[in-house]
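Colleague: I should like to learn how to read the features of a model such as this one. May we take them in turn, with the general idea before the particular case?

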Amino acid sequence: MKLKSALLNTITLLCVNCIVSTISGQETLPVNSNLLIEYGISPRVLDAALSTTLQSGSFKQKVHIIHDEGDVVKKADFIFIYDPNYKDGIDIQIAYDKDSIGYLERKTLLKLMQQMHSFSRKSASNLYDEKSLKVVSIKEDEVVLSFLYDAEKLEPELKYGKKAKGLIYIKNKELVKVELTNTKPVKILGQKVVAGEYTSTIYYRRTTNNGGHIESSSEEHLIYARKGKSIKTTIYSETIEYKDVNGIAVNWEEKPATVSTENMEILDKSLGGALPIFGKGALKLGYKLPRPIGVNAFMHFQSQTLKLNDIQVGFNGGELVDVSSLVKFDASSVPQNSQIESFRADVWVFPFLNLSAMVGKGRNRLDGKIFLSDELIDVLERYGWLIGIDKDDVPEFIPVQTDLTSVTWGGGATLAGGVGNFNLSLAYQIAWAKVLEVNTNKFAQVISPSIGYRIPSNGINIMVGAQGQFYNTLTAGSIKLPNPNGTNNSLDFAVNFKPINWNFIVGFYAPVTDHFDISIQSGWGGRRSLTAVVGYRF
C-alpha cells in the first residue's frame, strides 16, 4: 500500500505538499509586466510543474520507477499516455510489457489512472501567485526566480500546491527547469515525509516548430520511514512524443526516439460511468461531480407551535358546526413535534438533475389546548344539561392530544449548478403518509432553495437557504364527556391551523471518504428543525 502511495503521488507530480519559506530577493516588479513575461515564460509551465497533465497538448512519457527499501530494490517501467481527445471519458492510458511493471499490479495502475483523471481538465491555468514572483539570484548567464501557487485557484486535488516552494532556473535567457521542494514535514497518502525529503525537478525544452515550452523530463525523489526502515522512491519520466491541441507533432532539440506501443498491453480507465448523462464532458471541463448513485439513512426532527384558523364542533357524532367565534384563538395554541426516519436512494441523471425516492415511518404528536370563549362556556353552563353536561363539568378548554404514527413514501427532484466554488440548488419533494391510527392519507410538498460555498481545501459545502412545507393542516377527533347518568357522550371537533410554510435553513455537507458522506441541516424561524443524513455513494 505504501508503494502504491509513493507511486500515485510521484507519477502524477502530486507529492509537493509543503510549506513555503520566504526567499529574499527583488521586491519591485517590471513596469507593466511581470518577471515571467520579461523572461519569455508562460505561466502554463508552472501549472505543468504541479501536474504534468495540465499541459495543453497530448504526450507520451517513458516512466522508470526505482523503489529502494535498503535490502530490496524494486523497479517498474511503462509508457504513460495522456490524450484529452482520445475517447469520451478516457484521457489517460498506460502501455507496458507483461514483465516491465515489476512489483506493480494492474489494479494499482487502474486505481492510479482513475485518480489522475481529476487533472484531465481544460479549465485550469495560471495557478501561480503573480505577486509571489521574486528574483532570488542573478549571475552572468543564470537567473533564479522563486514563486508560490495561488491557494484560491487550486482544486482540492491540487491543494498540496498551497504549500509548495518553487524555483525557476533560466540560463542564457532560456527556461531550463523548475524545482519543487517540501520545507516542513508533510503527510502524503498516510506517509510522513520530513522536511527536504521530497524534491521534484522538471526540465523544459522550447519547441522548434511553433514556440512555447514542453516538459521534456522530470526527476522525483521521495524518502519516508516505514516500520523503522528508510524507503526511497525515485521516478524518472522522459517525454518521447508531444502533439499540440490541433494534433500536430511538436519537435524540440535532443528529442529522444519514440517508442511503439503497438505490441504492448494497454490499460485505460474511463472518466466516470454511464451516469450522469453528459457527466464525462462536465468532468473534463473541470466541474466537480459527486458519484452518481447514492443510498442514505435520513432522520428529520421538527417542532412548531400551531395557531388556530377555524374550528367546528359537534356532539355524539352529529353534524359539525363552525364555532370559530366561540373560541379564544389568541389564547389557544397546539405545539407539534414530528419525527421522520427513512431510507432514500438517489441518482444524478444529468450533472444538474438529481432524482430520488424514499420510504420510511413518521411520528407526530400534538399536545395543546383550545380555550372556549366566555360566551360558549356560559351557554354550556345554562343548557349543557340538555346534552348531558353538568354545569360543574363544563370544560374551560378542549385538549388536543394525539399521537399518530405513519408510513411515509415519496420522491423528488433537485436542480443544481455552480460557478467556481459557489453553488445553487432547488429541491422539490413530494410525500405521502398513511396515518395508521385513523386510516387516512396525508400529502405534503416541500420546496428548498439554497446557495452554498464549497471550501476548496476539504470539499465541505456550507449552505444557507429556506424551506417551504405545504400540507393539509386539518386535525379532527373527539373527547369523551363525563356523564353521571352513565350514557356515553362525546364532543367532536375539527380544527384547522394556520400553516407555517417557510423557515430559514443552514447546514453543511462533508465528504468523509470517497464513498461516505454526511449532511447536517438546521432550520430556524417559526419552525425549528434538525436533519441528519448519512450516505454512501457509488
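Modeller: Let us begin with the interior, bearing in mind that this is a predicted model. In soluble globular proteins, nonpolar side chains tend to be buried together. Here the largest nonpolar core has 28 residues. Leu46, Phe147, Tyr149, Ile168, Val178 and Tyr204 are those with the most contacts inside this core.

Colleague: Which elements give two or more residues to this core?

Modeller: They are α2 (35-38), α3 (44-50), β5 (142-147), β6 (165-171), β7 (174-181) and β10 (198-206). The largest share, five residues, comes from α3. Leu46 shows how the contacts spread: leaving aside residues up to four places away in sequence, Leu46 touches Leu36, Tyr128, Phe147, Tyr149, Ile168 and Val178. There is also a second, separate core of 20 residues, which includes Leu366, Ile370, Leu372 and Val394.

Colleague: How many helices and strands does the chain have, and what percentage of the residues count as buried?

Modeller: The chain has six helices and 26 strands. Of its 538 residues, 44% count as buried. The accessible surface comes to about 27,200 Å², and 56% of that area belongs to carbon and sulfur atoms. As for contacts with a separation of 6 or more, residues 24 or more positions apart account for 62% of them.

Colleague: Let us turn to the sheets. What is the order of the strands in the open sheet of eleven strands?

Modeller: The general idea is that strands of a sheet pair through backbone hydrogen bonds, either parallel or antiparallel. In this sheet the pairing is antiparallel, and the order is β4-β5-β6-β7-β10-β11-β12-β1-β2-β3-β13. The edge strands are β4 (134-138) and β13 (265-268), each of which pairs on one side only. From one strand to the next, the twist averages 20°. For one pairing in detail, take β1 (residues 58-68) and β2 (residues 73-87), which are antiparallel over ten bridges. Phe59 has Tyr82 in β2 as its bridge partner.

Colleague: How do the side chains of strand β26 (residues 527-537) point along the strand?

Modeller: In a regular strand the side chains alternate between the two faces of the sheet. Strand β26 shows such alternation: Arg527, Ser529, Thr531, Val533, Gly535 and Arg537 point to one face and are buried. Arg528, Leu530, Ala532, Val534 and Tyr536 point to the other face and are not buried.

Colleague: Which strands are joined to β26 by bridges?

Modeller: Strand β14 (residues 293-315) runs antiparallel to β26, with eleven bridges joining them. Within that pairing, Ala297 has Val534 as its bridge partner in β26. Strand β25 (residues 516-524) is also antiparallel to β26, through eight bridges, and Phe516 stands opposite Tyr536. β25 and β26 form a hairpin with two residues between them. In the turn, Gly525 has a positive phi of about 120°.

Colleague: What should one look for in the salt bridges, and how many does the structure hold?

Modeller: Side chains of opposite charge can pair when their charged atoms come close. The structure holds 13 salt bridges. In one of them the side chains of Glu69 and Arg226 meet at 3.3 Å, N to O. This pair links distant parts of the chain, with Glu69 in the loop between β1 and β2 and Arg226 in strand β11 (residues 213-226), 157 residues apart.

Colleague: Are Glu69 and Arg226 buried or exposed?

Modeller: A residue counts as buried under 20% relative accessible area. Glu69 is buried because its relative accessible area is 12%, and Arg226 is likewise buried, at 16%. Salt bridges that share partners join Glu69, Asp71, Arg226 and Lys229 into one network.

Colleague: What parts does the salt bridge between Glu341 and Lys361 tie together?

Modeller: The closest N and O atoms of Glu341 and Lys361 are 3.9 Å apart. Glu341 lies in strand β16 (residues 334-350) and Lys361 in strand β17 (residues 353-371), so the pair ties together parts that are 20 residues apart in sequence. Glu341 is partly exposed, with a relative accessible area of 22%; Lys361 is also partly exposed, with 43%.

Definitions and conventions
Residues are numbered from 1 along each chain as its sequence is written. This is a predicted model: local features need pLDDT of at least 70, side-chain atom pairs count only at pLDDT 80 or more; totals for chains, interfaces and linings use all residues. Side-chain values use heavy atoms; hydrogens and water are left out. Two strands pair if DSSP finds at least two bridges between them. Helices (H or I, at least four residues) and strands (E, at least two) are DSSP runs, numbered from the N terminus. Axes are lines fitted to C-alpha atoms, for helices over the stretch in contact, and angles run from 0 to 180 degrees between N-to-C directions. A nonpolar core is a set of buried Ala, Val, Leu, Ile, Met, Phe, Trp, Tyr and Cys residues joined through side-chain atoms within 4.5 Å. Buried means under 20% relative accessible area, exposed over 50%, partly exposed in between (1.4 Å probe, protein chains only). Contact means heavy atoms within 4.5 Å. Accessible areas come from the Shrake-Rupley method with a 1.4 Å probe; for residues, only the protein chains shown count as cover. A salt bridge is a side-chain nitrogen of Lys or Arg within 4 Å of a carboxyl oxygen of Asp or Glu.
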